[in-house]
Amino acid sequence: MHRAAPRPPVDPVTALAVGVAVLAVSSSGPLIAYAAAPALAIAFWRNALSVGVLAPAALARRRAELASLLRGPHRRAGLACALAGVALALHFGTWVPSVKLTSVATATALVATQPVWQGLIAHAQGRRLPATTWAGIGAAVLGAVLATGADLSVSARAVAGDLLALAGAVAAAGYTAFGERARASASTTSYTTICYAVCALLLGGVCLA
């Protein structure tokens, strides 16, 4: 009988990083909803500050790789990095305003339908997803419907927020799909630097318009 290989132990640093990430994502909705700053300004500064941290490290340690991605033999991967930034800008530009229009719970539930759109993108790319994956996607859709059905009788403002949150989920799926392609030949540092820079430029342009 074939035995499955034992799972490697979880690295404490990795577990801590995942915990911090879960806490950050879980608290982002309430923080955005109660922030006094305009929604798009919040989205812009989130990415601009990230670029401010990443760019010096990328220029110091990944200069040759950045040149290869921007105008060298890996331009296709560089284009995927940039398109991921466009999708990320669309995600923030739709989901962040949605939190101020509808309830935090509803906006979060709808943007969490990203796996649905991710699965559809994978299917369109010719990938076969297991039945358990589609069952999980179905559960996500059902949860979103149960969480948001009441908004149809609340107000047009809440429905607009729901639609924006849903658009944010679709954009997040596109961001992940482009990121997957970019990461096939780009380091995390270079990828995130280009992606966040493009995202910040687009959001900054919208804020100034």
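This passage walks through the helices, the buried positions and the side-chain pairings of the chain shown above.

The structure is a predicted model, in which local features need pLDDT of at least 70, side-chain atom pairs count only at pLDDT 80 or more, and totals for chains, interfaces and linings use all residues. Residues are numbered from 1 along each chain as its sequence is written, and side-chain values use heavy atoms, with hydrogens and water left out.

The overall fold comes first. The chain has nine helices and zero strands, where helices (H or I, at least four residues) and strands (E, at least two) are DSSP runs numbered from the N terminus. Of its 209 residues, 33% count as buried; here, buried means under 20% relative accessible area, exposed means over 50%, and partly exposed lies in between (1.4 Å probe, protein chains only). Among contacts with a separation of 6 or more, 83% join residues 24 or more positions apart, a contact being heavy atoms within 4.5 Å.

Helix α2 is a good place to look more closely. It covers residues 39-61, 23 residues in total, and reaches 34 Å from its first C-alpha to its last. That is close to the expected 33 Å, the expected span being 1.5 Å times one less than the number of residues. A kink of about 30 degrees lies at L54, shortly before the proline P56; the bend at a residue is the angle between axes fitted to the seven residues ending there and the seven starting there. The buried residues of α2 are A39, A43, N47, S50, V51 and A58, and they pack against α3 (63-71), α4 (75-101) and α9 (188-208).

Next along the chain is helix α3, where E65, L66, S68 and L69 are buried. Seen down the axis of α3, these buried residues fall within an arc of 160 degrees, so they line one face of the helix; the arc is that of the directions from the helix axis to the C-beta atoms. On the other side of α3, R63, A64, L70 and R71 are exposed. The buried residues of α3 pack against α2, α4 and α9.

Within helix α4 sits T94, which is buried at a relative accessible area of 15%. Which backbone atoms does the side chain of T94 reach? One is the backbone oxygen of L90, at 2.7 Å, and another is the backbone nitrogen of G168, at 3.3 Å. Leaving aside residues up to four places away in sequence, T94 touches L164, A165, A167 and G168.

Charged side chains complete the picture. Side chains of opposite charge can pair when their charged atoms come close. A salt bridge is counted when a side-chain nitrogen of Lys or Arg lies within 4 Å of a carboxyl oxygen of Asp or Glu, and by this rule there are two. In one of them, the side chains of E65 and R62 meet with N and O 3.7 Å apart. E65 is buried, with a relative accessible area of 17%, whereas R62 is partly exposed at 34%. E180 forms a salt bridge with R127, the closest N and O atoms being 3.2 Å apart. This pair links distant parts of the chain, 53 residues apart: E180 is in helix α8 (residues 156-182), while R127 is in the loop between α6 (114-124) and α7 (131-148). E180 counts as partly exposed at 43% relative accessibility, and R127 counts as partly exposed at 39%.

Conventions. Polar contact = N/O pair within 3.5 Å; in protein donor to acceptor, adjacent residues only side chain to side chain.
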